[in-house]
Amino acid sequence: MSDAAKMVAAVYDQIGDKPSDDISLSPSDDEYMIRCENLVKIYKTDEVEVVALQGLDLDVKRGELMAIVGNSGSGKSTLLNMLGGLDKPSAGSLFVDGKNLLKFSDKDYMEYKRNTVGFVWQNNARNLIPYLTAVQNVELPMLLKGSKQRRRKALELLEKVGLSHRKNSRLDQMSGGEQQRVAIAIALANDPRLLLADEPTGSVDTRTSNIILDIFKRLNETEGLTVVIVTHDVKLSKRIDRVVAIRDGRTSSEIVRKRSYAQELDEMGNIVGSEEESTEETHEELVVLDRSGRLQLPKEHMEKLGIRGGDKVKVELDEETGRMYLFRSGG
Ligand SMILES: Nc1ncnc2c1ncn2[C@@H]1O[C@H](COP(=O)(O)OP(=O)(O)OP(=O)(O)O)[C@@H](O)[C@H]1O
Ligand SMILES: [Mg+2]
């Protein structure tokens with residue numbers, strides 16, 4: 001067995017699961033844009049091996065807009081890079097848009113990046129040219145691809161991100177938020193079905209971050225684009241209906257809106273400026289069962305109960321109320 005295979009086997013051993021070659025996920029499962037099961041990513045350098053994803057499960061429906069949160073180092077960017085086809089998972093299963101990414105050849109990866117996904121980063125230095133205008137920047141990737149009617153398409157894309165009026169401004173004469181919107185226009189240039197954004201509002205203020213989220217929401221609502229946003233921004237995540245938290249390379253909990261944001265705005269009527277106060281009780285945090293029915297208890301709850309990983313607990317079901325109770329063994 002190769003070193004990498006041994007590492008993967010060790011990870012699955014630890015999480016009590018076999019590698020899932022024989023996947024229950026159906027590639028033709030049309031309802032889902034992303035189906036990710038037991039995903040493992042191990043980074044190997046000369047000295048260290050880092051298990052960045054250790055058996056992560058995540059499903060995202062077509063046309064969904066959701067966020068991923070988690071501490072620094074929890075594996076958010078790693079996951080996004082796997083979804084974006086920028087890097088290959090070590091094991092597990094990953095289907096995006098019905099395609100099995102673990103079976104991809106280099107050519108498949110290239111086509112996937114070209115046709116299926118769009119990517120937005122926090123720092124856009126890597127895909128924007130400062131001395132070109134906004135519209136030239138948007139045209140550039142299309143030029144490389146040899147697309148026809150580049151100018152018309154580039155102007156259309158700038159309109160989608162609300163920047164028509166700045167089309168002839170040089171990038172280095174635009175604000176960080178405006179540059180970020182140009183980057184979003186570029187990410188949309190190949191008409192992706194899935195838009196991935198890693199900390200897209202990481203370096204802008206609240207107002208600009210709201211504008212950026214509004215653009216994602218509009219694209220999601222009007223064009224059915226599936227959007228996955230990695231964010232540290234609590235205010236931003238409160239405006240998103242489904243937020244999945246990652247801990248140590250696994251999904252740990254899910255925060256869902258009790259009411260949709262649209263519904264909430266509706267109920268608020270015309271009360272202006274109360275958005276901030278009204279977000280208090282709108283979300284509830286849920287623990288996610290993995291596909292085998294295991295659940296990861298929140299750390300705080302375990303501390304309060306005085307239990308640790310490896311301990312045994314008693315589980316009782318009250319069928320009448322549909323509630324389940326956990327008891328510390330001997331307690
Ligand atoms: N190319 C790499 N080589 C080696 N280790 C890596 C590599 N990329 C990420 N890691 C490690 O994998 C783990 C997960 O990193 P990742 O970048 O996914 O975290 P993150 O959740 O995006 O954090 P942040 O919020 O700080 O961006 C970390 O321990 C990190 O050091
Ligand atoms: Mg990151």
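Let's start on the outward side of helix 7, where Thr-206, Arg-207, Asp-214, Glu-221 and Thr-222 are exposed. This is a predicted model, and helix 7 is a good place to learn how to read it. On the other side from those exposed residues, Ser-209, Ile-212, Leu-213, Ile-215, Phe-216 and Leu-219 are buried. The buried residues cover an arc of only 145° around the axis, which puts them on the same side of helix 7. The general background is simple: an α-helix has 3.6 residues a turn, so residues three or four places apart point the same way.

The length of this helix can be checked too. Helix 7 holds 18 residues, 206-223, and at 1.5 Å a residue these should span 26 Å; the end C-alpha atoms are 25 Å apart, so the model agrees with the expectation. Just after helix 7 comes Gly-224, with a positive phi of about 70°.

What do the buried residues of helix 7 pack against? Their partners are strand 3 (65-69), helix 5 (150-160), helix 6 (176-187), strand 7 (194-198), strand 8 (226-230) and helix 8 (234-237).

Follow the first of these partners, strand 3, inwards. Five of its five residues are buried, so strand 3 is largely enclosed by the rest of the structure. Both of its faces are covered, with Leu-65, Ala-67 and Val-69 on one side and Met-66 and Ile-68 on the other. Strand 3 also has strand neighbours. It runs parallel to strand 8, joined by four bridges, and in that pairing Ile-68 is matched with Val-230 of strand 8. Four bridges likewise join strand 3 to strand 9 (residues 242-247), again in parallel, and here Val-69 has Ala-245 of strand 9 as its bridge partner. As general background, strands of a sheet pair through backbone hydrogen bonds, either parallel or antiparallel.

The loop between helix 8 and strand 9 contains Asp-241. Is Asp-241 buried or partly exposed? A residue needs 20 or more C-beta neighbours within 10 Å to count as buried; Asp-241 has 19 inside 10 Å and therefore counts as partly exposed. Asp-241 also shows how the fold brings together parts of the chain that are apart in sequence: Glu-64 is 177 residues away along the chain, yet the two C-alpha atoms are 9.4 Å apart in space.

Now turn to another helix, helix 4 (residues 134-145). Its buried residues are Ala-134, Val-135, Asn-137, Val-138 and Glu-139. These pack against helix 5 and helix 6, two elements that the buried residues of helix 7 also pack against. Just after helix 4, Gly-146 takes a positive phi of about 75°.

Earlier in the chain there is an open sheet of four strands in the order 2-1-4-5, with antiparallel pairing. Its edge strands are strand 2 (49-61) and strand 5 (99-100), each of which pairs on one side only. Strand 1 (residues 32-44) and strand 2 run antiparallel and are joined by ten bridges; one of the matched pairs is Ile-34 with Val-60 in strand 2.

Strand 2 leads on to ligand 1, since strand 2 and helix 2 (76-83) each supply at least two residues of the shell around it. Helix 2 gives the largest share, three residues. The residues around ligand 1 include Tyr-43, Thr-45, Val-50 and Ala-52, and also Gly-73, Ser-74, Gly-75, Lys-76, Ser-77 and Thr-78. By class, this shell has three nonpolar, eight polar and one charged residues.

For a contrast with strand 3, look at strand 12 (residues 313-318). Strand 12 is hardly covered, and the count of buried residues among its six residues is zero. It pairs with strand 13 (residues 323-328) in the antiparallel sense over six bridges, with Lys-314 matched to Phe-327 of strand 13. The two strands form a hairpin with four residues between them, and Gly-322 in the turn has a positive phi of about 75°.

Finally, step back to the whole protein chain. Its secondary structure comes to eleven helices and 13 strands, and buried residues make up 33% of its 331 residues. Of the contacts with a separation of 6 or more, 67% are between residues 24 or more positions apart.

Conventions:
Residues are numbered from 1 along each chain as its sequence is written. Chains are lettered from A and ligands numbered from 1 in the order in which they are written. This is a predicted model: local features need pLDDT of at least 70, side-chain atom pairs count only at pLDDT 80 or more; totals for chains, interfaces and linings use all residues. The expected span of a helix is 1.5 Å times one less than its number of residues. A residue is buried if 20 or more other C-beta atoms lie within 10 Å of its own, exposed if 12 or fewer, and partly exposed in between; C-beta atoms are placed from the backbone. The arc is that of the directions from the helix axis to the C-beta atoms. Two residues are in contact if their C-beta atoms, placed from the backbone, lie within 7 Å. Two strands pair if DSSP finds at least two bridges between them. A residue is near a molecule or strand if its C-beta atom, placed from the backbone, lies within 6 Å of it. Ala, Val, Leu, Ile, Met, Phe, Trp, Tyr, Cys and Pro count as nonpolar, Asp, Glu, Lys and Arg as charged, and the others, Gly among them, as polar.
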